[in-house]
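Colleague: I should be grateful for a close look at the part of this structure that carries the annotated binding site. Please then place that part in the context of the rest of the structure.

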2 protein chains.
Amino acid sequence: MSVYDDLMAFQRQTEALAQVAGRLGWDQETMMPEGAADQRAEEIGALESVLHARRTDGRLAVWLDRAKAPDAVGEAQLRQMRRSYARAVKIPARLAEELARVTSLAQGVWAGCRAREDVAGFLPTLARVVALKREEGAALAEGGDPYDALVDDYEPGMTGAAIAAMFDAMRPRLVALRAKVLAAGAPKGVVGTFDTQAQLALTRELATVFGYDWTRGRVDLAVHPFSSGSGHDVRITTRVNEVDPFNCFYSTIHEVGHAAYEQGVDAAYLLTPIGQGASMGVHESQSRSYENQLGRSRAFTGWLFGRMREVFGDFGIADAEGFYRAVNRVHAGYIRTEADEVHYNLHVMMRFDLERALIRGELDVADLETAWNDRFRSDFGVAVDKPSNGMLQDVHWSCGLFGYFPTYTLGNVYAGCLVKALRADVPGLDSMMAKGDVSAATAWMRERLQRHGSRYLPREVVTQACGFEPSEGPLLEYLEAKFGDIYGL
Amino acid sequence: MSVYDDLMAFQRQTEALAQVAGRLGWDQETMMPEGAADQRAEEIGALESVLHARRTDGRLAVWLDRAKAPDAVGEAQLRQMRRSYARAVKIPARLAEELARVTSLAQGVWAGCRAREDVAGFLPTLARVVALKREEGAALAEGGDPYDALVDDYEPGMTGAAIAAMFDAMRPRLVALRAKVLAAGAPKGVVGTFDTQAQLALTRELATVFGYDWTRGRVDLAVHPFSSGSGHDVRITTRVNEVDPFNCFYSTIHEVGHAAYEQGVDAAYLLTPIGQGASMGVHESQSRSYENQLGRSRAFTGWLFGRMREVFGDFGIADAEGFYRAVNRVHAGYIRTEADEVHYNLHVMMRFDLERALIRGELDVADLETAWNDRFRSDFGVAVDKPSNGMLQDVHWSCGLFGYFPTYTLGNVYAGCLVKALRADVPGLDSMMAKGDVSAATAWMRERLQRHGSRYLPREVVTQACGFEPSEGPLLEYLEAKFGDIYGL
C-alpha cells in the first residue's frame, strides 16, 4: 500500500461515517419519534466527535505531506483532503465545541423569539453567534478577510468582493424589473383544493420525469423539503399544501435537482473526497435550473397543465398560457422562501450585505433590525410590518450559517449560464419538454457537470460545462425576457 | 472527574454509537432503497470498526483496573464493562474480521442453497463457520467448554450442561403432550381475507394495549418482525398476511414485549452498560409472555374476538371459546418460526443438542443432515420432506449464531415462572384482560423486571421478580393445563 492508498482508505471510512451522520439527520426530520430527541442529540454528538477526531487525526498531516497522487483525479482527491484538513486544524477544539453548543441552543431561542416577535430577546444570542463566527473566520483567514474565509467554506474560491461586484451589478436591474412587473398587475392563480394523495402521486411522477433514481432514493414527507445523502442513497422530502399544489410540485423538482446531482456523480468517486457536489452554489444551480429554467418554462408547464387537468379536473385556469402565468406569478412579499424568481435574489443580496458587514465588524447586531428594514424598503418598496417578516424570518444566522446566503443567488447565476449553454447545445429542448420529456436536459447536466462531483473547483466545472466564464448576464437576460413577455412589458 | 467518571463518559459515547449502528440496521430493513446496499455495507463496516476500536481501547484496561464504583449500581456498570472488555480482547482481530466476512457471505450462500434445496452446496460454508466459531469459543473459554463460552455471550452465567439438564427434563413431557394433542384433532381456523389497513389499525391498538410507548417508538412493515433500539427510541416492525391476521397481531404483541422491556429500563441507565435488557433469554421471557401467556389467554382472546368481530365482521368463528381454540391451534409442521406453543420448544431443543455437538467437536457438519432428520422423526413423529423444511430452514447458523437457540426456550421457561408469580400477585388479572386491559400485567413486569435493565444477572433478576428460583416446572404445567383443557385430554 502506498501512502496515497493508506490515506484514501482512511478517508473512505470517514466519508462513510459522514454519510451515517447525514442519515441520522434525515431520520430525525422524517421518522424519529418525538420522545427520542434528547437521546438522538447524544447519538449525533458521539458520531460528530468521532468525525472530528478523524478529520484532525495527526496521521493526516504526515500522509498529506508524503502522498503522491497516481493521476489527475488523485490530485483532486488530495486537494480536497488538504483543504478539509487545513480547515479542521485551524479551528481550536474549544471554539468548535462552543460553536456547536451555542448554535444548537440559538435555534431554539430564535424559534421562540420569532413566534413572539421579540427582536430584543434574540439579539444577545445572535451577538454571541456573530462573535464566535467572527472568531472562526479570523482563525480560518489567518490575517485575511474573515467573511471570505466563511464563504470559502460553502463556495471554494469565491470571495466577498467578487460576490459584491456581481450583486451590485444585478440589483438595479432586478429592482427595476420588480417595480415594472408589480405595476402590471398579478395574473390569476389556481382555485380549489387539491387532494393530498393525488398531489403525492403526481409529485412522484415529476421526480421520475426529472431523472430521480428511485432505486437509490426515496421521497418522504417532512416539515421542510430537503435532499440528504450522496452516492447510492440520496433521499428527498416534500410537503403538501392542499390549496397550493405548486408548493409540493416545485419544491420536489428543486430537491430532485440536488439529489440528481449527488446521484449523478461518477460511481468511481463513491465515498471519496470528490464524491459529492462541488459547492453549495453549484448545487443550487442544479436545483434552481430544474425548478425554474426548466420546470417553470412555458414548454414544460404546458405539459404539466395537461397532467394536472387529468388528475384534478378544473382548477380555475382556462389554458396552458394562463397556467404558465399562474406558475410564474410575481407577488410582493416579505418571505424569502416564498419568493418568486424576480424577488428571490433581492432577498439574498440584502442578507449578503448585512451578514458581511456583521462579520467584518462594520455593523453591530444592535443596529441590524434598522439596517434590515431600511434596506427592505429601498429594494422592495414596502416597509417590514413585523420582525417575523423581517430579520427573524430565516433560521440561518442562528445556526451560524454566515457566508451561506450568497450561494443561493450564485446558484441562480450559474443556472442562468448553464441553461443558456444547454439551449445552445439542444435546439429541440422546448418541443421535448412540451411532451413532458426533460431527459435531454438532465442528461446534459449529468454529462457536463454532475458526474464530476468535486473533481474540479466550482467556477471551473461551471465554466467547462458552459464553454464560457459564468456571469450574471444570462440570468438577468432570462428574467427580463421571461417576465417582460408574461407581463407585456 | 474520577476514573469511574472518565470510564462512564467514554462508555456513554460507545453506547450512543452502538445505538446508531442499530438504527442503520432498522433503516436497512424498513426504509433503505435497494440500490444502497453496497454503500450501506461500507457505512456499517466503518461504524463497526469504530466500535471495535473503542471496545478494545487500551485505556479501558487501565480505567477498569483503577475505577471505584460509587455504589451498587456502579458495581453493576463495572461488571458489564469488564465482561465486555474481557470478551473483546480475547478475540484476535484476524478472527473477528474473518468471522464478519465469512458469516456475511454465508448468509447469501445459505439463502441460495435453501432455495435450491442444496444441502451439499451449503456444507463447505457451514463447516467454515463452525470452524471459526469453535476457534472463537476456544479463545473465549480459555480451556473451558467452547460452547459454554458462546452461550454466555447471549445468556450470561448460563452453561450448556445446565440447559441440557433442563431440556432433558422437558422433552418427554412435551413429546407426550404433542402426541396427545395431535391425536385429538385440530380446532377450526379463521376463514376469509382480512383487509391490510384494518389489520394494521388493529395491530396499532394491540401495541397500545400492551403498553408500547408511541412517543418513543414507531411501527413499520418489514419482511421479518423485529424490535430495534434501546431507551427512548425503540422501533418495531410487523408484517401482514391477508388470510392469517394472527400473524400480524401476535408477532406485533411479541415485538412489543421486547420493545416494552427496552422502553421500561430505568431512564437513569440510558446509554450506560446496564441500560439494556439483561439477556436474550430474559428478553424472550417478555416477548413470549406478552404474546402467549397473556395474549393467547382465554381472557384476552375473549376481548380480541369482540374487537375482530367489530372490525372484520364474520370470519367463520362462532364464539369466544371457538376463537380461543383457533388462536391456540396446534398443528404438526416443520418450521420453527411457525410453530405453536406445544411444538416450539421441541424445535429449539433439537437445535441446541445439534449445535452443541458441532461446537464441541462431537458431530461433524457432514453428518448434520442425518442427525437433524433422525431427531426430527423421533421428537415430531414425522420425516423431514426436504432440506428447506429441515436443517436449511433457519438463518442462525450461517450468521454464526451458535448458542443463541436455547435462549428462546429459556425465555419460555422464564415466562412460565414470571406469569405464575404475576398471577399470584394480581388475582383479578383475567377479569381485567377480558376487558382488554393488560396494564396490570405490563406494570408488574415493568416494576419487577424491566426497569432493572442489566443491573442484575439474568437468572438473578428473574428470581427476584418471581420470588422463587426459575425452573421448567411452571411452563410445563401451564402448557399441559392449557392444551389439556382445549383438547379435552
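Modeller: In the UniProt record, an unreviewed entry, the feature "binding site" is placed at His254(A), His258(A) and Glu284(A). These residues span 31 residues in sequence, yet no two of their C-alpha atoms are more than 8.6 Å apart, so they gather at one spot. The model in which this is seen is a predicted one. Of the annotated residues, His254(A) is found in helix α10 of chain A, which covers residues 245-264.

Chain A also has an open sheet of three strands, in the order β1-β3-β2 and with mixed pairing. The edges of that sheet are β1 (219-221) and β2 (227-228) of chain A, each of which pairs on one side only. Strand β3 of chain A, residues 235-238, runs antiparallel to β2(A), and two bridges join them. Within this pairing, Ser227(A) stands opposite Ile236(A) in β3(A). In general terms, strands of a sheet pair through backbone hydrogen bonds, in either the parallel or the antiparallel sense.

Chain B likewise has an open, three-stranded sheet with the order β1-β3-β2 and mixed pairing. Its edge strands are β1 (219-221) and β2 (227-228) of chain B, each pairing on one side only. Here the parallel part can be described: β1(B) pairs with strand β3 of chain B (residues 235-238) in the parallel sense over three bridges. Leu221(B) stands opposite Thr238(B) in β3(B).

The wider setting includes the contact between the chains, to which chain B and chain A each bring 38 residues. The area buried between chain B and chain A is about 2900 Å², and carbon and sulfur atoms give 57% of this area. Polar and charged pairs are also present at this contact. Between chain B and chain A there are 16 residue pairs in polar contact, counted where both residues have pLDDT 80 or more. The count of salt bridges between chain B and chain A is eight. One of the salt bridges pairs Glu43(A) with Arg23(B), with the closest N and O atoms 2.6 Å apart. On the side of chain B that touches chain A, α1 (3-30) and α2 (37-55) of chain B each supply at least two residues. The most is given by α1(B), with 11 residues. By class, this side of chain B has 15 nonpolar, 12 polar and 11 charged residues.

Salt bridges also occur within a chain. A search of the whole structure finds 86 salt bridges over all chains. Among them is the pair Glu136(B) and Arg87(B), whose closest N and O atoms are 3.3 Å apart. Glu136(B) lies in helix α6 of chain B (residues 119-141) and Arg87(B) in helix α4 of chain B (residues 72-90), so this pair ties together parts that are 49 residues apart in sequence.

To return to the part requested, the annotated residues His254(A), His258(A) and Glu284(A) come from the UniProt record, and their C-alpha atoms, no two more than 8.6 Å apart, gather at one spot.

Note on methods:
Residues numbered from 1 in each chain as written. Chains lettered and ligands numbered in written order. Predicted model: local features only at pLDDT ≥ 70, side-chain atom pairs only at ≥ 80, totals over all residues. Heavy atoms only, no water. Contact = heavy atoms within 4.5 Å. Buried area = accessible area lost by both parts, 1.4 Å probe. Salt bridge = Lys/Arg side-chain N within 4 Å of Asp/Glu carboxyl O. Polar contact = N/O pair within 3.5 Å; in protein donor to acceptor, adjacent residues only side chain to side chain. Helix = DSSP H or I, 4+ residues; strand = E, 2+ residues; numbered from the N terminus. Nonpolar A, V, L, I, M, F, W, Y, C, P; charged D, E, K, R; others polar. Pairing = 2+ DSSP bridges. UniProt positions renumbered as here; feature names shortened; annotations may be inferred.
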